[in-house]
Amino acid sequence: MSHNNDVTALLVAWGQGDRAADSRLMAVVYEDLRRVARRRLRAERPDHSLAPTALVHEAYLRLVDLRRVRWQNRAQFFAIAARLMRQILVDHARAHVAAKRGGPGWKVPLADDLGATVPRDVDLLDLDAALGKLTTIDARLGELVVLRFFGGMTVEEAAESLGLSPATVKRDWSRARAWLFRELR
Amino acid sequence: MTSDRWEHVFTLFDAALARPEAERAAFLSDQCGEDGPLREEVESLLAAHGDAGGFLSGHPTRAGQSKADQSGPIPPSLTRGMRLGVFDIESFVGAGGMGEVYKARDTRLDRHVAIKVISPDAANDPRGRARFAHEARAIARLSHPRICSLHEMGHQDGVDFLVMEYLEGETLAARLRKGPMPLTQALRTAIEIAEALAAAHAQGIVHRDLKPSNVMLTAGGAKLLDFGLARLRAKAGSGLSPASHAFPSSETGPGLIAGTLPYMAPEQLEGNEVDARADLFAFGAVLYEMITGRKAFEGTSQASVISAILSSQPQEVAVLQPLAPPALDQVIHNCLAKDRNHRWASAHDVLLQLEWIAGHPSAATVAAGGDQNRRRELLAWTIAALAGLALVVLWAWSLRRPTPDVRTHASSALPPPGVSLETDEAPAISPDGSRLLFVGHDATGKQLLYMLALDVAGPAQPLADTDGASLPFWSPDSRSVGFFGQGKLKTVDIETGQIRTLADAGGARGGTWNRDDVIVFAPRPNTGLYRISAAGGQPAPVKVDAGAAWFPSFLPDGRRFVFFTAAPTQPENAGVFVASLDSSTARRLVTTRSHAVHAPGHLLFWREGALLAQAFDETTLEVRGNPVAVANTVGLNPVTNQGLFSVSDSGTLVFFAGAVGESELVWVDRAGRRIGNPGPKGVVNSLSLSPEATSVVYDQAEPRNRTFDLWRLDFARGIPSRLTFHPSQDIFPIWSPDGTRIAFSSLREPPPQLYELNANSAGTEKLLLKTNLPKTPSGWSSDGRLLFYDSINPQTGGDIWVLPLVGTREPYPVVRTTADEHYGTLSPDGRWLAYISNETGAYEVYVESFPATGFKRQVSAQGGFEPHWRRDGKELFYMAPNQTLMAVGVKSNPTTLEVSPPEALFATRIKWMEIQAVAHHYAPAPNGQRFLVSSATDEARSVPVTIVLNWSAALKK
């Protein structure tokens, strides 16, 4: 709560062209997201999924004075939050591996039960590595996966954030998904 | 691989995906040729795509359990016959936020109770449980007839449960799913809720989660459920902040709106400490919903609901529920203040207000407006009919004094399924009050008369062979109906269904029928009145000494009648006049912008959004006293000036509340399929596409005061931005061919003058042309040097003019006849002018050479409006009167233009308007393959008719 005005001011500054506000904004939002995510990771039952959209929206509500921030800045906030979310989840998964506590790590459903292949999960760290590779091939595809998967954005929101048409985003999403799935199977 | 190589792989992948699976192999062989690795790469991606299923569509999940375990309804954990302490479980009632609810029998006291089993999570921390118990005891001490009692807390075998009063009834949420509540019932329920809140607040207990699903409507009145449980939940639930309980998104999934969100106060959303005033906010939102049937704050996502709560005001109650007393609006408004310091100080204050309203139904008289009135009237006939928001009415609240013995009863009628009401036209009640006629559209879009028998149950029925019917009026014996359709005055006998065609009437402005079977009607806007026998014959003019007379309505003697004069160029002369078949002398009775109808002892007319009744002596033809509001929000068709109401001799009043209908911008292809929905919903009047169809400019009404401003939407960005901010009306934008400028009309200096602004820069308006006649731009020449516009002249009606934007800048007329011409638009090669004219009686689309050489050709077949050229000039589009978009192929020869027969493309859902509104409801993309259409929303098409019985009881003291 104490960050409330900070974030709002940073977003407004960002909206007015102060690019330095970007990194400061990252720092504040990261701290908040990490705190909430940790609490969730501790509290939730193991079979619950962690819905990034919910966390990010909550963070937004907590941190931003909606009456002072324009919509475009909102998209910026969510793009930042999506990148942070990836980092938080990956950090968490790494910590698990390092601690070797034996508990289950975070997994990504690779295919749903109705899919043509045997359902199985893929490790979040593997996904992260594959995503890194995809980003070197096509940075835009990598960014899109971050926004949609870790940021929970819809096609339209991602299009807005990337400055692309929804049609292009849909096409890119097919490309990215097929590439990642192939890489991970 | 290089990035070029990847791009190649991905491009082939996209292209192959777009093809049917069977054709992909051949496609890839063809594309890849000898490049085997390329083909393998693409094929393996295609295979991965096929296998990926829901990959990345879910969320990161902690491994260990399969997804299947989480899905599907969870079976209740207790079943009939099981026992919790002294409680016998009888049945499962439902699952709520805290856990499962069961109906059970208390074996000690032999009474039914409700048992709420707290989910194990909520109480697994010992300190949390202690706090939980403490709070529960405080709530259990709350004893009030309007609060569902918490009897006790129990614990058995690791299960915590609450034992509560068992209530029979339905929740307010279930009730509201059926629509708004009658005013008296809403008020009574509101008072009961306020009593409960006042009692709890007095003991320091805040509900924190007041919402319709927490109000139970029992035979003994409303009871509040789950008092204070929100707090318990928050305390028990692993240290979540009070705010976060409302976002159980990890349970409901992203994008779903948590149930309580729409009722949360701003301070609750911001996570601040909550006090009793948060309950008042929720109370205001619930009260609003009870009365209007709509949520006070709505949105398609959590973020948009939150943003609405934090920053916007719900639409006025009076718009949705015209009979609601203004004081009720004030109560709601004060509850919904964003800053809690501006809300009512306590629930007790709210309770006193509501009790006062219940005891003092309001009296509202509406004074004649001054200058603002005049401006609105000017606007009236320039602006399109923007019709109807929903309402349902039950009891009339405009009683001047409470009169327990005389009640004004009101109800509402919805059109039958598949039929949409034409809310631009008044419903017509028969003189005996037994039947209601309205104009509707069937599933195919055909416009017909529908009749609803009010004394017999059953849906409204269409009257056969009334295609295109409008402006119905009844014979005095309630057995026949006059109407206008397909350019003719017709009658229909409602028993036999026999149709009789009497006379031409190409742009009718109403009719009336007297007991001698004389029909007086206005065949066109500017031709004056005619009379004809209902049995047939030749129409003869009826002279009246006033401007163009519209909407005649006979007085009881069958000789004298009242009528409306719009006086478009001298709005101060507009009003309702009285004249007679026997003399042309006309005298003004009231100044108003709407037509008037006579009811015994009264004239009813519209003014400033309200329906007024003024005492009227049928013998001396004098109005007396001040007009009194009969309903607070009644619609007006601002084009025809018809108030959207009618009244029977028997005292039944019917009306549409709506004055403003929502539309949305949609892209459709040539078959009418929706291929995109680029814009937000709003009251859009007229639109114009940028040259490359990448942006649209439109005039949109600000919802509260209905001021139109220009807005620009860039499709790639998806967010509209406002171009003009003037408090006056900025309307009818037309984008220039080079995309840099937008011409429009503005009422900054009435009558409407021509302006332009820089398309890329808000606030750059400049005056183009000022004259003493109203003007509306209709099109530019391709080189941007000529601006075509409509000008409306009292003698010659609508004319087409050109304003050269270079050189002399002296405007000159292009088409000026005694008929109305509008929508002048030049072909892309600058040689042909398309426009519409009503020279044959009906509006048709014509093309003539430009400059005029004498060549002229009719393009439309059965009426047409809004011509638009395709950019290559090879096709002309127009809107047919049945709202179907038509296409005509054209071929330009040296001196003539060949036109092919019109071809119907698709039916639209534009909000219909007449020709004097020169709005553009659609625009073709440059290639003519898709169209941006301003389409009425489903909500705007489902407005019920309000029916008030014994309306005049409201006037008796």
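How many bridges pair S43(B) with strand S44 (residues 741–746) of chain B, and in which sense do the two strands run? The legends below take up this point and others in a predicted model.

**Figure 1. Four strands, S43-S44-S45-S46 of chain B, form an open sheet.** The strands of this sheet pair in the antiparallel manner. Strand S43 (730–735) and strand S46 (766–769) of chain B are the edge strands; each has a single partner strand, so one side of each lacks a neighbour in the sheet. On average, and with direction ignored, neighbouring strands of the sheet are turned by 35 degrees against each other. S43(B) and S44(B) are joined over four bridges in the antiparallel sense. Within S44(B), B:Ile742 is the residue that stands opposite B:Trp735.

**Figure 2. A second open sheet of chain B has the strand order S17-S18-S19-S20.** The four strands of this sheet are paired in the antiparallel manner. The edges are taken by S17 and strand S20 (499–504) of chain B; each has a single partner strand, so one side of each is without a neighbour in the sheet. The average turn between neighbouring strands here is 25 degrees, direction ignored. Three bridges, in the antiparallel sense, pair S17(B) with strand S18 (residues 480–485) of chain B. B:Trp474 has B:Val481 of S18(B) as its bridge partner.

**Figure 3. Helix H13 (residues 326–335) and helix H14 (residues 347–359) of chain B cross at roughly 165 degrees.** The axes of these helices come within 10 Å. H13(B) and H14(B) are therefore roughly antiparallel to each other, and their crossing is left-handed. H13(B) contributes B:Ala327, B:Leu328, B:Val331 and B:Cys335 to the contact, while H14(B) contributes B:Val350, B:Gln353, B:Leu354 and B:Ile357. Seven residues of the contact are nonpolar, one is polar and none is charged.

**Figure 4. Helix H10 (residues 276–292) of chain B packs against H13(B).** Two packed helices are described by the angle between their axes and the distance between the axes. For H10(B) and H13(B), the angle is about 145 degrees and the axes are 7 Å apart. The crossing of H10(B) and H13(B) is left-handed. Residues of H10(B) in the contact include B:Leu280, B:Phe281, B:Gly284 and B:Leu287, and H13(B) supplies B:Leu328, B:Ile332 and B:Cys335. The contact comprises nine nonpolar residues, one polar residue and no charged residue.

**Figure 5. Two loops of chain B contain notable backbone details.** B:Phe850 and B:Pro851 are joined by a cis peptide bond, with omega about -5 degrees. B:Pro851 belongs to the loop between strand S53 (844–849) and strand S54 (856–858) of chain B. In the other loop, between strand S16 (461–462) and strand S17 (470–474) of chain B, lies B:Asp465. Although B:Asp465 is not a glycine, its phi is positive, at about 60 degrees.

**Figure 6. The confidence of the prediction varies along chain B.** The mean pLDDT of chain B is 79, and 80% of its residues reach 70 or more. Among the elements of the chain, helix H8 (residues 249–252) has the lowest mean pLDDT, 28, and strand S21 (residues 511–513) the highest, 97. Over residues 61–75 of chain B, pLDDT stays under 50, and the model has 22 contacts beyond four places in sequence for them. Residues 233–259 of chain B also stay under 50, with 55 such contacts beyond four places in sequence. The model as a whole scores ipTM 0.76 and pTM 0.43.

Terms used:
Residues numbered from 1 in each chain as written. Chains lettered and ligands numbered in written order. Predicted model: local features only at pLDDT ≥ 70, side-chain atom pairs only at ≥ 80, totals over all residues. Axes fitted to C-alpha atoms, helices over the stretch in contact; angles between N-to-C directions. Parallel < 35°, antiparallel > 145°, perpendicular 65-115°, else oblique. Left-handed = near helix turned anticlockwise from the far one by under 90°. Contact = placed C-beta atoms within 7 Å. Nonpolar A, V, L, I, M, F, W, Y, C, P; charged D, E, K, R; others polar. pLDDT = per-residue confidence, 0-100. Pairing = 2+ DSSP bridges.
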